[in-house]
Amino acid sequence: MKLRIVVADDNSAFLARLVSVLATEFEVVATAADGKSALECIRLCQPNVVVLDLEMPGFNGIEVVKELTKYPSSPAVVICSIEDDPEIVEAARQAGALGYVFKACIAKDLIAAVKSVASGQSFVSPS
């Protein structure tokens, strides 16, 4: 059975790119353009993994991750961002994200990141 993925990014072109990369190996069950919509999609679709943009309107990626930790069975999370500041990466991990992929690296890192976090392993794009 394919992993079920929810993807959220406020940039529609990048969201489409994320979906096209993920759909090669996983079932993308919903997409969202902001943090609040992402939480609703996650609640309704019960994905295995969530791929979130760091900076979104409503709730940012880290705020969404913090909300997910309140869920009885929260999905694993990969944050996608242009930010490569180690403090931001660490803040995402401290909030509960198991994965962090730099947007410039999605073609080579995103599939591996999703597989890693789905099995409980952490993944950070090499800088």
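This passage describes the salt bridges of a predicted model and the surroundings of two further residues, S81 and K2.

In the predicted model, the count of salt bridges comes to six. Among them is the pair formed by D53 and K103, whose side chains meet with an N to O distance of 3.2 Å. This pair links distant parts of the chain, since D53 belongs to strand 3 (residues 49-53), whereas K103 lies in the loop between strand 5 (99-102) and helix 5 (106-118), and the two residues are 50 residues apart. D53 and K103 are both buried, and they do not stand as an isolated pair, for D9 is linked with D53 and K103 in a network of salt bridges.

Another of the salt bridges joins E67 to K70, with the closest N and O atoms 2.9 Å apart. In this pair, E67 has a relative accessible area of 27% and is therefore partly exposed, since the partly exposed class covers values between 20% and 50%. K70, at 60% relative accessibility, counts as exposed, because this value falls in the class defined as over 50%.

A salt bridge is also formed by the side chains of K108 and D109, where the N to O distance is 3.4 Å. The two partners fall into separate accessibility classes: K108 is exposed, with a relative accessible area of 56%, whereas D109 is buried, with a relative accessible area of 6%, because the limit for a buried residue is under 20%.

The residue K103 appears again in the surroundings of S81, a residue of strand 4 (residues 76-81). With a relative accessibility of 3%, S81 counts as buried. When residues up to four places away in sequence are not counted, S81 touches L54, Y100, V101, F102 and K103. Of these contacts, K103 is also the salt-bridge partner of D53.

Towards the start of the chain, K2 is found in the segment before strand 1 (4-8). The relative accessible area of K2 is 45%, and K2 is therefore partly exposed. Leaving aside neighbours within four places in sequence, K2 is in contact with E25, F26, E27 and N48. For one of these residues, E27, the separation from K2 can be stated in terms of the backbone: the C-alpha atoms of K2 and E27 are separated by 6.0 Å, while the two residues are 25 residues apart along the chain.

Definitions and conventions: Residues are numbered from 1 along each chain as its sequence is written. This is a predicted model: local features need pLDDT of at least 70, side-chain atom pairs count only at pLDDT 80 or more; totals for chains, interfaces and linings use all residues. Side-chain values use heavy atoms; hydrogens and water are left out. A salt bridge is a side-chain nitrogen of Lys or Arg within 4 Å of a carboxyl oxygen of Asp or Glu. Helices (H or I, at least four residues) and strands (E, at least two) are DSSP runs, numbered from the N terminus. Buried means under 20% relative accessible area, exposed over 50%, partly exposed in between (1.4 Å probe, protein chains only). Contact means heavy atoms within 4.5 Å.
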